[in-house]
Amino acid sequence: MPAPGENLRINADRLWDSLMEMAKIGPGVAGGNNRQTLTDEDGEGRALFQSWCEAAGCSMGLDQMGNMFARREGADPDALPVYVGSHLDTQPTGGKYDGVLGVLAGLEVIRTLNDLDVQTKHPIVVTNFTNEEGTRYAPAMLSSGVFAGIHTQDWAYDRVDAEGKKFGDELSRIGWRGEEEVGARKMHAFFELHIEQGPILEAEGRDIGVVTHGQGLSWTQVTVTGKDAHTGSTPMPMRKNAGLGMARILEKVDEIAWSHAPHAVGAAGHIDVYPNSRNVIPGQVVFTVDFRSPDLAVIEDMEARLRIEAQAIADDMGLEVAFEKVGGFDPVAFDEGCVGAVRSAAERLGYTHMDLISGAGHDACWINRVAPTAMVMCPCVDGLSHNEAEEISREWAMAGTDVLMHAVVETAEIVG
């Protein structure tokens with residue numbers, strides 16, 4: 001299929017203005033955003049996005065998980081659409097670009113094609129997936145997971161937040177529960193632009209990350225049980241210190257990840273200590289070990305070694321230890337054709353680029369199971385994300401969206 005000409009470029013000022021306008025909804029306390037899924041602010045952001053899409057001549061579809069689909073018609077009404085998008089929900093202390101760039105870049109693709117009167121054979125659909133972040137409702141990528149058949153809709157509806165409010169109830173409350181069957185749509189391809197959320201592109205001085213794979217993830221919840229005792233009056237030989245046991249296990253987690261360098265990582269981000277009192281030796285700790293790698297065999301090795309090493313530490317210290325697999329997904333290899341479209345777009349437009357493995361989960365990781373999929377990444381300052389100080393430059397946003405547009409348009413096929 002013919003490639004778009006090099007002069008096909010987005011309106012960078014309009015894209016940036018849209019990002020800044022969306023960031024006014026659900027402002028954080030330190031310059032970022034708190035627009036968590038299914039809150040009133042989420043509903044307000046959705047309404048603004050819909051108004052922009054309709055002004056660009058798109059029709060809006062809405063499924064029973066609240067996933068939004070803004071469609072620009074193609075010359076062939078029977079051709080499967082090319083989908084593009086990400087998510088509008090944020091972390092409680094989120095930035096202005098994580099997810100949002102991917103959605104509004106998709107809208108900018110539509111606007112630019114309208115400006116230049118470019119027609120494509122395949123329709124183009126801009127998507128906002130509900131609850132990608134997974135902060136208010138676990139797990140992450142919940143609605144794209146239902147779309148791809150990973151989760152059932154009833155199970156998703158029954159997820160509860162910290163206040164006991166159900167996902168399904170809150171979706172209806174804010175008025176964004178559609179009637180369309182989830183996952184009924186068939187895709188010709190799917191593309192997602194996202195900030196890297198890591199430091200590699202900036203450190204390497206590259207404009208574009210061509211994402212070839214997504215890391216797999218394994219979450220194992222570890223419970224170490226010892227005995228609560230007074231910190232001052234309990235002799236050292238008589239202690240059963242669950243906190244010390246956890247510390248020694250986490251040292252092993254670090255060693256295990258390093259043994260598979262450079263593409264494996266491991267840490268514990270969620271830790272609960274009981275009774276968590278200054279003068280009580282911890283009697284129990286519960287923590288979740290997060291292992292990631294683009295190689296499933298490596299993930300399985302890290303999981304197995306965690307259990308062996310932790311059990312040995314517990315036995316040596318007179319502690320009890322239990323393990324529960326509480327989450328995870330297999331590594332993703334994105335579609336070679338779609339990845340090739342992204343790479344050739346970057347080359348055609350003269351942007352520096354490199355192949356990249358995504359360290360985070362994204363909606364594209366689930367959609368890859370039901371349609372040919374690829375991701376484009378642009379740098380972010382210091383690799384910082386899930387933080388209100390998250391920042392990108394106008395030029396990075398422009399480069400990423402230019403590449404996204406070329407990959408989408410080449411796949412959707414220009415007519416005439």
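**Entry 1: a network of charges**

I began with the linked salt bridges in this predicted model, and I noted that Asp40, Arg136, Asp161, Glu170 and Arg173 are joined in a network of them. I reminded myself that side chains of opposite charge can pair when their charged atoms come close. I then looked up the total for the structure, which is 23 salt bridges, and I chose some individual pairs to follow up.

**Entry 2: Arg14 and Asp115**

I looked up the salt bridge between the side chains of Arg14 and Asp115, where the distance from N to O is 2.8 Å. Which parts does this pair tie together? I found Arg14 in helix α1 (residues 12-22) and Asp115 in helix α3, so the salt bridge ties together parts that lie 101 residues apart in sequence. I also checked accessibility: Arg14 counts as partly exposed, at 21% relative accessibility, whereas Asp115 counts as exposed, at 51%.

**Entry 3: Arg305 and Asp301**

I turned next to helix α9 (residues 296-317), which holds both Arg305 and Asp301. The closest N and O atoms of their salt bridge are 3.2 Å apart, and because the two residues are 4 apart within the helix, they are separated by about one helical turn. I wrote down that Arg305 is partly exposed at 26% relative accessibility, and that Asp301 is partly exposed at 27%.

**Entry 4: Glu179 and Arg177**

I looked up one further pair, in which the side chains of Glu179 and Arg177 meet in a salt bridge with an N to O distance of 3.4 Å. Are these residues buried or exposed? Glu179 counts as exposed, with 62% relative accessibility, while Arg177 is partly exposed, with a relative accessible area of 32%.

**Entry 5: helices α2 and α3**

I returned to α3, the helix in which Asp115 lies, and asked how its axis is placed against that of α2. Two packed helices are described by the angle between their axes and the distance between the axes. For helix α2 (residues 40-55) and helix α3 (residues 100-115), I noted that the axes come within 10 Å and cross at roughly 15°. Angles under 35 degrees count as roughly parallel, and α2 and α3 are therefore roughly parallel to each other; I recorded their crossing as left-handed.

Which residues make the contact? From α2 I listed Phe49, Trp52 and Cys53, and from α3 I listed Val103, Leu104, Leu107 and Arg111. Sorted by class, the contact of α2 with α3 has 6 nonpolar residues, no polar residues and 1 charged residue.

How values were computed. Residues numbered from 1 in each chain as written. Predicted model: local features only at pLDDT ≥ 70, side-chain atom pairs only at ≥ 80, totals over all residues. Heavy atoms only, no water. Axes fitted to C-alpha atoms, helices over the stretch in contact; angles between N-to-C directions. Parallel < 35°, antiparallel > 145°, perpendicular 65-115°, else oblique. Left-handed = near helix turned anticlockwise from the far one by under 90°. Contact = heavy atoms within 4.5 Å. Nonpolar A, V, L, I, M, F, W, Y, C, P; charged D, E, K, R; others polar. Salt bridge = Lys/Arg side-chain N within 4 Å of Asp/Glu carboxyl O. Buried < 20%, exposed > 50% of the residue type's maximum accessible area, 1.4 Å probe, protein only.
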